Protein chains: 4
Amino acid sequence: MSDPAGGPGTVEEALAEARRKYRNWGRWGPDDALGTLNYIDDAKRAAAATLARTGRAFSLAVELSRTGPGSGHRGGGNPVHTMLDSGVEATAGAQGYPHGFGDADDVVFMPLRSGTHWDGLGHVFDNALAWNGRRRAEVVTAAGDRVTGAERQAAGFVSRGVLLDVGRAMKRAGGSLPDGHAITDDQLEATIRAQGRSARVTRGDIVLVRTGQLARCRAVGDWAGYASGPAPGLSFASLAWLHGSEIAAVATDTFSVEVRPPEFDAPCVAPLHQIAIPNIGLFLGELFDLEALAADCAADGVYEFLLVAAGLPIVGGVGVPANPIAIK
Amino acid sequence: MSDPAGGPGTVEEALAEARRKYRNWGRWGPDDALGTLNYIDDAKRAAAATLARTGRAFSLAVELSRTGPGSGHRGGGNPVHTMLDSGVEATAGAQGYPHGFGDADDVVFMPLRSGTHWDGLGHVFDNALAWNGRRRAEVVTAAGDRVTGAERQAAGFVSRGVLLDVGRAMKRAGGSLPDGHAITDDQLEATIRAQGRSARVTRGDIVLVRTGQLARCRAVGDWAGYASGPAPGLSFASLAWLHGSEIAAVATDTFSVEVRPPEFDAPCVAPLHQIAIPNIGLFLGELFDLEALAADCAADGVYEFLLVAAGLPIVGGVGVPANPIAIK
Amino acid sequence: MSDPAGGPGTVEEALAEARRKYRNWGRWGPDDALGTLNYIDDAKRAAAATLARTGRAFSLAVELSRTGPGSGHRGGGNPVHTMLDSGVEATAGAQGYPHGFGDADDVVFMPLRSGTHWDGLGHVFDNALAWNGRRRAEVVTAAGDRVTGAERQAAGFVSRGVLLDVGRAMKRAGGSLPDGHAITDDQLEATIRAQGRSARVTRGDIVLVRTGQLARCRAVGDWAGYASGPAPGLSFASLAWLHGSEIAAVATDTFSVEVRPPEFDAPCVAPLHQIAIPNIGLFLGELFDLEALAADCAADGVYEFLLVAAGLPIVGGVGVPANPIAIK
Amino acid sequence: MSDPAGGPGTVEEALAEARRKYRNWGRWGPDDALGTLNYIDDAKRAAAATLARTGRAFSLAVELSRTGPGSGHRGGGNPVHTMLDSGVEATAGAQGYPHGFGDADDVVFMPLRSGTHWDGLGHVFDNALAWNGRRRAEVVTAAGDRVTGAERQAAGFVSRGVLLDVGRAMKRAGGSLPDGHAITDDQLEATIRAQGRSARVTRGDIVLVRTGQLARCRAVGDWAGYASGPAPGLSFASLAWLHGSEIAAVATDTFSVEVRPPEFDAPCVAPLHQIAIPNIGLFLGELFDLEALAADCAADGVYEFLLVAAGLPIVGGVGVPANPIAIK
């Protein structure tokens, strides 16, 4: 479509309108480093904990390995995990410890967005400005994000989680949306209605949107198209819902959250990111593996849970690797 | 002391006795990859969630940076975080995106035990054998831990957490135990009694032992002695308690969990690790920052909480970086 | 062909025969760490220096970048070069140095065979044995190659170089051999004859064999097939020549020196490597960019030069990154 | 001293005077990426090759390992070399290759100035400008040095080398200058006179200045003071000689080439770098191991040689790791 925001217009016009409508700058004070995580408070977390009724726990992280879904974007690639020592080495006698002691150690080289992660508030800028209207050049330097780095949200990402299984709800074959499919507000609302009361979204929730793409790529054993090329994802038009629902974060089982290619005629990179991160202050989660959780939700009809999805507090990190845990 | 296990004896005798008494091999079947995490079940997690009463959340992870507490052991050192792009770069005009779009990306090179982490079951061996009696050379190879790697416990480390603030309970100056101080069973029990009912330890708990060393090193701005040299920590004699209490994991605010130097006359490396990991199947957590949590517990007298401490599922990882979240 | 060694036979028979004929074990004593580099002595180097007549110098290294020819083999991939600081950063005012000082610094994460490199003597084993008949498990451990690591040949790779431009000599279109083309002894000799007196190969020479594949891949801007898939290269049958000529090293403009796929019916990995490295003690150079040098040689008809191709002395390295310099 | 440049003055005045006297901007055209390497031409290289008379070759690189002299500056540290596979692993049966094939592979994470290296022309800036008067922010970005990166001098650093063994010539105990010793023009000239005719410096030479510090640190097995703290090195006043002699490069056996601390009363970082690199366009080499070469030169009285010191062509690299080879 030429104008996902509702009327005729160019990408420039759509961006301008979205900035005007959805910008949250100053909402949480000039020094804010939490963005939409501010919607979460103690009461929200306490209420979320009551959703952990049965104690079933699900990890939503993809496995980190050299054969994972990491893209080659900007030299990204996958994590490279190497051993400094191993049991094989210990057995070969190279360690020389007394009393039967032996050990193993390891290191990793990891692009920070190569596995399940949150995009930090410093990941995307809009017209030279980062979240809260700060000058990007004063926020993210070679030293990393000095204002809104990963260490600032170390205790964040604890809230009520809601799964919106759009793939299943739209009754697609295999529960998977086709590449290029743009998820609109209407489809999100229709999914909520189809899933029932437990799927109602409230302020401060962390919303997990399942497209089915990750499962589809894994099933065919080919990640080639996952990190680039067409993918299902949120429509630029869904920004109204993302902003108005006052959610704390949204994550998908795709590489980029938003639909690829973008829905505009003119070339653009990631217009939903450009509004969501620096303007709304919204955290976007990518490469979430929602399969086991989604199967459980489909089975018992309960789509809400306690979600603890804190990432590693890498000082200045703009990509925030996490192992999100959902507890129903 | 020459024999922390209770009677006269050498390190070899102490190790032999500890193996005989505490070995859990086969307890959870021949294919087990969870060790003492098996003590946690759905009911335990559900009960733990009820401890998140007020919704106050605490991150227990140390910040990951080049100036952190990581040791130089085996080329360890600290994480090195570098930017692939930044706001400064974007502003300088190097990116060339249209419509005001700009972004930043980053990578990290990280020794896996350089920050807050769990020692994986493949981290330490005893007489050529790894956890559950498996041959270490068949478990941990250059490809990492092929049997009990971090990806196998991706949804683990969710349970009731209990803080034992031994530093405060022993009324040490500044709430910090001196380097070389060995924490015995008696001291753990005395701490529980001093802290009251909420500190009682039950099967499946994850126990956090605070010595105060991390705060002490941070206060003086010097990590030189943290990763090596004398440190407070658990006594070899505490293995009876660690095993008998059927806890799921134990973590401290030190680099090595156990007291340094070891309590034996003969040279040895890490005798508590040697029994705890490959024989008990017990997960040891290191570099946990317990300060904010401990202050909160001291203030309200409640030492129990929901703990979600899942680590990154690095395939084959024997060091498991984590951002543990305690919710009271 | 089913038997590149000359008669009917299997890969096992061919390997056995090649071991019997070409094995150099013990030739330079039991402690040797130089292999065929022993063929180079002071007199050889002094004579080689006289070949640097005009002073024209050529770098034979491919550029090291994220978009280079590095393969994904074993998580290999390309080097990732990141800046710790930059001029952009300095200008943005983040450095805070007095008197107008500013600087930049950088790091690299690099698979050691991702660019122009020598295969170290510890890179390949034959039936559990490394070069000179040593047990591979005692030679190459998690600590790297403890006997024949890159630091042992730090002053090596200085000798007379000879270019054998087989691609040009065989009058292939574009001077490039087709993928899968196996270069035999006869073709090497024919190339020498075609190139004339300066191309005669003598003891201690470092021979550079140009197939044209690197230029071909670069011209089409696609490295996908370079690191794997069919490639031109030396025939298994050329081992007789490689051994008998008593050269110090051989390098090509391909990823693997030897022809791919191997010339045997049964599956095998890299049979020429298996004989050349651990049995002959021959150094193989890969990813050499011979284009500028080859053009110069074709122009003046002189195919010999001083070659200085020492690699980085990474302690224990089995891949040895180098920037070989040819001086005519 | 308050004014190493000869008269009374501040660091600002000294810098201003040095800029006025020594600036080479435009000397080799507006597009230059070679700086003082322009002093080397074919004739120079051909003449240099005639100095390789005996064929004795010396590597001037320090070994790259986790226990090397690399500093902690900006998270620098030493290289970390890890194995992707090993002989121990192969023997343990993890590889599964047929026909007795086995192999090993490795990666390195390396700060680019952690071992023997050249400072690239983009390493230091002066008042927002890089070499040749270019704006530093347009030269060195997160993508590295886009104008004068290491790949631009890939065939450089081939010339006549001259060793100036100041430590020996000044008859210091152990041939080592004390930390803080500033080497002046006079001392360089006195060394040349003491060493004789072969030590005369001519246009395009690469000059190696030995202080003895590296040997001194290695002898006591302690690199703590090498990368920071006082060190011997070139005086700011030697810039007249460095500029006027029209040498192509200068290298030392220290971490920083210039004396530490700087010779000015006011705080400054590296004033000789600030003039030499961006103003003169002079390449500075650091961490050169000159011991074996110096002993040979002292023995035969010949201080000139062919030097081939090309570094790895890391695209955009501002630190250029090299294994310099001297051939006498």
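A residue is called buried under 20% relative accessible area, exposed over 50% and partly exposed in between, computed with a 1.4 Å probe on the protein chains only. The model described here is predicted, so local features need pLDDT of at least 70 and side-chain atom pairs count only at pLDDT 80 or more, while totals for chains, interfaces and linings use all residues. Residues are numbered from 1 along each chain as its sequence is written, chains are lettered from A and ligands numbered from 1 in the order in which they are written, and side-chain values use heavy atoms, without hydrogens and water.

The relation between two of the chains comes first. A turn of 180° with a shift of 0.0 Å along the axis lays chain B on chain A, with an RMSD of 0.0 Å. This is the relation of a two-fold axis. The C-alpha of F109(B) is the one in chain B nearest the axis, 2.2 Å from it. Such superpositions are made by least squares on the C-alpha atoms of residues with pLDDT of at least 70 in both copies. Of the interface residues of chain B, 99% are also interface residues in chain A, so the copies meet through the same surface.

Chains B and D also touch. Their contact, meaning heavy atoms within 4.5 Å, takes 12 residues from chain B and 12 residues from chain D. Between them the two chains bury about 1100 Å², 63% of it on carbon and sulfur atoms; buried area is the accessible area (1.4 Å probe) that two parts lose on being put together, summed over both. E89(B), F109(B) and A142(B) supply 39% of the area that chain B buries against chain D, more than any other three residues. Between chain B and chain D there are 0 salt bridges, a salt bridge being a side-chain nitrogen of Lys or Arg within 4 Å of a carboxyl oxygen of Asp or Glu.

Over all chains, however, the count comes to 96 salt bridges. One of them joins R168(B) to D165(B) at 2.7 Å, N to O; R168(B) is partly exposed at 34% relative accessible area, whereas D165(B) is buried at 1%. Another joins D205(C) to R160(C), with the closest N and O atoms 2.6 Å apart. D205(C) lies in the loop between α6 (185–195) and β13 (206–210) of chain C and R160(C) in strand β11 (residues 158–165), so the pair ties together parts that are 45 residues apart in sequence. Helices (H or I, at least four residues) and strands (E, at least two) are DSSP runs, numbered from the N terminus. Both partners are buried, D205(C) at 0% and R160(C) at 9%. In chain A, a network of salt bridges links K44(A), R53(A), R160(A), D205(A) and E304(A).

Aromatic rings form a further set of contacts, with 40 pairs over all chains. Rings of Phe, Tyr and Trp (its six-membered ring) pair if their centres lie within 6.5 Å; planes under 30 degrees apart count as stacked, over 60 as edge-to-face and the rest as tilted. The rings of W28(D) and Y39(D) have centres 5.2 Å apart and planes at 85°, so they are edge-to-face. W28(D) is partly exposed at 22%, while Y39(D) is buried at 7%. Finally, ring pairs link F109(A), F109(B), F109(C) and F109(D) into a cluster.
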